[in-house]
Every structure is written in C-alpha cells, then in structure tokens.
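Here are some notes from my look through this one, written up as numbered points. Have the model open alongside while you read.

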Amino acid sequence: MRGVGVQTHPRRRQRPRGAAAVAPASPQDAQTPGTVVVAPRDGLHPDYAEALTAAADRFTALGWRVLTEDFAPPEDVIDGYMMMLLHEGARLYADEPGSSVELCTEPVQEMLRAGHGVTDALYRDARRTVARYRDGLLARLDPGTLLLGVVCPGPPHPSRAATAVTAGGPRPFVQAVIPWTLPQSIAGLPAVAVPAGRDRDGMPIGLQLSGAPGRDGTVLAAAALLGGRAA
C-alpha cells in the first residue's frame, strides 16, 4: 500500500522465528464495514480537525458506524508512564557497561537525572497505574472497533524547534504527541499513520488508525481506504 506508513506496538514477548511482523490484510477486511471511534477535535489545529472530519465522513460514506468519543483519555496515566520511562532510562544507563551520560544531549541528561529521583516504590505504583489503564482500554476495545485520531495535533512551528502548533497555541512536540500515541504504546495496539492531505502551509497531515491486538489486517485494510483517497 503506497502512501500508508505502518507502525505496530507489540506486547513484550518474543516473536517466533520466521513469523510475520504484522498480519496480512485480506480483501474481506476492507469490504466489511465495522465501527470507527473518532477522537474529539478539541485542541486540534483547524486544518487537522478538518482532515479528521473528512476521514470520518469517508468511513460513514463507506457504510461504517462512526462514533465520536474520547475513548481512552490518557491524562490520568501520562504521569505514571513518564515515571516508568524516567526510572527505566536512568537504570539502563547506570547498568550499561561503559556508558557515558556526558555524551547525551542536555535534555536527555536532564531526564536521566530526574529518573534517579524515582524510587522503586514510585516505580511499582506507576507500573500498577499503567497496567490498570491498559487493562481498561483492552476491555473496552472490541475486535471489530477501530480508533481514529491524529499522530500530532498540529504542524511543526515555523521558528521554534521541537514545537507543534495546536489550537491552544505552541506546545512542545513531545507533550503534543504523547496524548495521541500513548494508548497504542501502552496497550500494544497495531497502529497505522495515514497521509491526509496538507495544511494551508503545504505541510503534510498524518492521521492514525489503531485497533485491538492481533487485528493488524483490519487496521491495514481500513487505512488503505483512507490512504487511497489521499493519494
């Protein structure tokens, strides 16, 4: 499928030797409409909100059931996820023979220093928080349901490095992206980035489709519907 970028977030388990990285999409996957849950447009750059609406309309026209819902708001789990990230990063560098934190950029060094302040007890609490979020999300995500959102809520800022332009103004890129991609990472959901045209300044817009674990074929086939439209 030209024009469709694929990214999967597998669970932490070893893939059998010779197994495919993603399940193949079948024609039936593309021909059988299911349910698409579209994320709210709140906070999106206007051009990104318009692209998301157009994609939802495309699914409606193809006979899919389209709902708008904040299906898995990650706000309550972001702090726990970041605490895990900082703790594990700091321990990784501390345990890696011959590693030198001084070779890292200053922002990375700052994160590693912060990670040393995360105690084992805080880390265990964070893991429990993330696990509860993951289990709740998977319990709600029916195998026939797809999630539709954006990869980033706005385009890169023309003059500020690592900053995205959103409806609420400029935001650091990491802070802008995490709420939209964290659920997929935590729950091990197959996810696909689909091109959805360009904004008013000619910058490409990326939408994201994701689905239940193991539903790679459904996600890819649905992404092909949008990718073909955007080509």
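1. Let me start with a glycine. Glycine 188 is buried, with a relative accessible area of 9%. It sits in the loop between helix H6 (173-187) and strand E7 (190-198). Keep in mind that this is a predicted model. If you want a landmark around glycine 188, try leucine 138: the two C-alpha atoms are 9.4 Å apart, although 50 residues separate the pair in sequence.

2. Next, strand E2, residues 35-38. Which of its residues are buried on each side? Thr35 and Val37 are buried on one face, and Val36 and Val38 are buried on the other, so both faces of the strand are covered. The general pattern behind this is that side chains in a regular strand alternate between the two faces of the sheet.

3. E2 also has strand partners to look at. It runs parallel to strand E3 (residues 65-68), with four bridges joining the two, and valine 38 has threonine 68 as its bridge partner in E3. Strand E4 (residues 145-150) is likewise parallel to E2 and joined to it by four bridges. There, threonine 35 is the residue of E2 whose bridge partner is threonine 145. As for the connection, E2, helix H2 (residues 46-61) and E3 form a β-α-β unit that is right-handed.

4. Now the charges. How many salt bridges does the structure hold? The count is four. One of them pairs the side chains of aspartate 47 and arginine 200, at 2.6 Å from N to O. This pair ties together distant parts of the chain, since aspartate 47 belongs to helix H2 and arginine 200 to the loop between E7 and E8, 153 residues apart. The two ends have opposite surroundings: aspartate 47 counts as buried at 10% relative accessibility, while arginine 200 counts as exposed at 59%.

5. Aspartate 199 deserves a point of its own. It lies in the loop between E7 and strand E8 (204-211). This aspartate is buried yet has no salt bridge, and the nearest side chain of opposite charge, arginine 200, is 6.7 Å away. What does lie by its side chain is the backbone nitrogen of aspartate 201, at 2.9 Å from one of its polar atoms. Leaving aside residues up to four places away in sequence, aspartate 199 touches Asp47, Pro155 and Ile205. Asp47 therefore turns up twice here, as a contact of aspartate 199 and as the salt-bridge partner of arginine 200.

6. Another salt bridge joins aspartate 125 and arginine 128, with the closest N and O atoms 2.3 Å apart. Why are they separated by about one helical turn? Because they are three residues apart in helix H5 (residues 120-140). Aspartate 125 counts as partly exposed at 39% relative accessibility, and arginine 128 is partly exposed too, with a relative accessible area of 45%.

7. Last, arginine 134 and aspartate 135. These two form a salt bridge in which the closest N and O atoms are 3.5 Å apart. The cut-off for that pairing is 4 Å. Is arginine 134 buried or partly exposed? It counts as partly exposed, at 24% relative accessibility; the limit for buried is under 20%. Aspartate 135 counts as partly exposed as well, at 45%.

Definitions and conventions:
Residues numbered from 1 in each chain as written. Predicted model: local features only at pLDDT ≥ 70, side-chain atom pairs only at ≥ 80, totals over all residues. Heavy atoms only, no water. Buried < 20%, exposed > 50% of the residue type's maximum accessible area, 1.4 Å probe, protein only. Lys, Arg positive; Asp, Glu negative; His and termini not counted. Polar contact = N/O pair within 3.5 Å; in protein donor to acceptor, adjacent residues only side chain to side chain. Contact = heavy atoms within 4.5 Å. Pairing = 2+ DSSP bridges. Right-handed = clockwise from strand over helix to strand, strands pointing away.
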